[in-house]
Amino acid sequence: MGDHALYLIYWESPSAETYLYGTQLDYLPDRSVRFCNRMMPSGYPIQAWTSFCDFQRDRHEPQLPILAEGSRYRYRAYFREYPRGTVLLRFDFYDQQDVLLDTVMTEKKNGVFTAPERTFRYTMQLVQGGSETVLFRYIELFPEQAGIYYRILRKDPKAGELNILMPEPGKRMITAPDEEQYHHLPNVTAFSPGICETLTAGKSAFLRRLSGSYERVLLRPEGKRSLAAARELLTQIPNGQIRRWTD
């Protein structure tokens with residue numbers, strides 16, 4: 001994974017560890033997944049992803065990006081569970097001999113972990129902790145230094161206009177736009193797709209602080225889904241307008 005790449009992890013198909021006995025599993029048009037099982041015992045994996053697999057055996061490609069040993073990464077999970085707080089995230093790190101190096105298990109949907117030295121592969125799991133229903137959208141994974149919500153691409157202190165590039169969600173990996181796409185603009189920021197997910201008081205305050213330094217804020221979505229997110233963000237940016245990505 002590059003220093004400024006953001007990886008989106010979707011629930012694309014049941015893994016070998018998915019608990020299917022008594023499970024209702026619905027794949028929705030927006031790529032989200034609804035998992036229902038009131039009888040599933042706690043401690044079992046609901047779904048699992050891996051960074052390394054044998055295609056001949058597993059018949060699918062790795063679902064997680066490669067991590068750099070000793071580097072710190074941030075994750076942001078976008079799912080809702082009922083009752084709340086009943087799904088855990090678990091990361092297991094292995095060396096080349098498949099010896100377990102470390103385990104990180106947490107209830108938090110936003111956090112940071114360090115890939116241990118000698119990490120060759122790792123897995124990520126949603127672990128049952130008493131939930132009846134889970135509505136899963138995706139999990140973001142990216143280097144900690146990439147920023148929580150956004151990254152500044154160009155800054156001109158004299159300009160009173162801020163341009164916010166909003167990449168289209170649905171891709172596995174999102175990187176900063178090519179400079180050719182924004183070379184004619186003054187202040188330019190790239191948002192992650194999750195900026196509009198579950199707008200909290202903290203995110204709203206962040207957006208107000210960001211936009212308050214400029215006379216005008218132009219939200220520039222890349223496609224239809226990011227356009228919907230841009231319209232949602234306008235509720236938090238009084239001096240905001242929507243323009244096309246390429247205008």
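**View 1. Two positive charges sit over aromatic faces in this predicted model.** K109 lies over the face of F79, at 4.4 Å from the ring centre. R31 does likewise with Y10. Here the distance to the ring centre is 3.8 Å.

**View 2. F52 and F120 form a tilted ring pair.** The whole structure holds 12 aromatic pairs. In the pair formed by F52 and F120, the ring centres are 5.3 Å apart and the planes meet at 55°, so the pair is tilted. Stacked pairs need planes under 30 degrees apart, and edge-to-face pairs need over 60. The two residues come from distant parts of the chain, 68 residues apart. F52 belongs to the loop between β4 (45-50) and α1 (55-58). F120 belongs to the loop between β8 (110-114) and β9 (121-128). Are these rings buried, exposed or partly exposed? F52 has 45% relative accessibility, so F52 counts as partly exposed. F120 has 39% and is also partly exposed.

**View 3. F91 and F113 form a tilted pair between two strands.** The ring centres of F91 and F113 lie 4.6 Å apart. Their planes are at 35°, so this pair is tilted. F91 is in strand β6 (residues 87-94) and F113 is in strand β8. The pair links distant parts of the chain, with the two positions 22 residues apart in sequence numbering. F91 is buried, at a relative accessible area of 0%. F113 is buried too, at 3%.

**View 4. Ring pairs build an aromatic cluster.** Its members are Y73, Y75, F91, F93, F113 and Y122. F93 is found in strand β6. With 0% relative accessibility, F93 counts as buried. From F93 to R118 the C-alpha distance is 9.2 Å, and the two are 25 residues apart in sequence.

**View 5. Q128 is a buried residue of strand β9.** The relative accessible area of Q128 is 1%, so Q128 is buried. A polar atom of the Q128 side chain lies 3.0 Å from the backbone nitrogen of G130. What does Q128 touch, leaving aside its neighbours within four places in sequence? The contacts are N37, M40, P41, S42, G43, Y44, I46 and T86.

**View 6. The second largest cavity is lined by eight residues, among them W49 and R172.** Rolling a probe the size of a water molecule over the atoms shows where empty space is left. Two cavities of 30 Å³ or more turn up in the whole structure. The second largest holds about 40 Å³ of space. Its lining consists of Y7, L8, I9, Y10, E12, W49, Q63 and R172. Which element gives the largest share of that lining? Strand β1 (residues 6-9) does, with three residues. Y10, part of the lining, is also the residue whose ring face lies under R31.

**View 7. The whole chain, for orientation, has three helices and 16 strands.** The chain has 247 residues, and buried residues make up 47% of them. Long-range contacts can be viewed here as well. Of the contacts between residues at least 6 apart in sequence, 74% join residues at least 24 apart.

Definitions and conventions:
Residues numbered from 1 in each chain as written. Predicted model: local features only at pLDDT ≥ 70, side-chain atom pairs only at ≥ 80, totals over all residues. Heavy atoms only, no water. Phe/Tyr/Trp six-rings, centres within 6.5 Å; stacked < 30°, edge-to-face > 60°. Helix = DSSP H or I, 4+ residues; strand = E, 2+ residues; numbered from the N terminus. Buried < 20%, exposed > 50% of the residue type's maximum accessible area, 1.4 Å probe, protein only. Lys NZ or Arg CZ within 6 Å of the ring centre and 35° of its normal. Polar contact = N/O pair within 3.5 Å; in protein donor to acceptor, adjacent residues only side chain to side chain. Contact = heavy atoms within 4.5 Å. 1 Å grid on protein atoms, 1.4 Å probe; cavity = no way out; pocket = protein on both sides within 12 Å on 5 of 7 lines; lining within 4 Å. Points joined across faces, edges and corners; volume = space filled by probe spheres on them.
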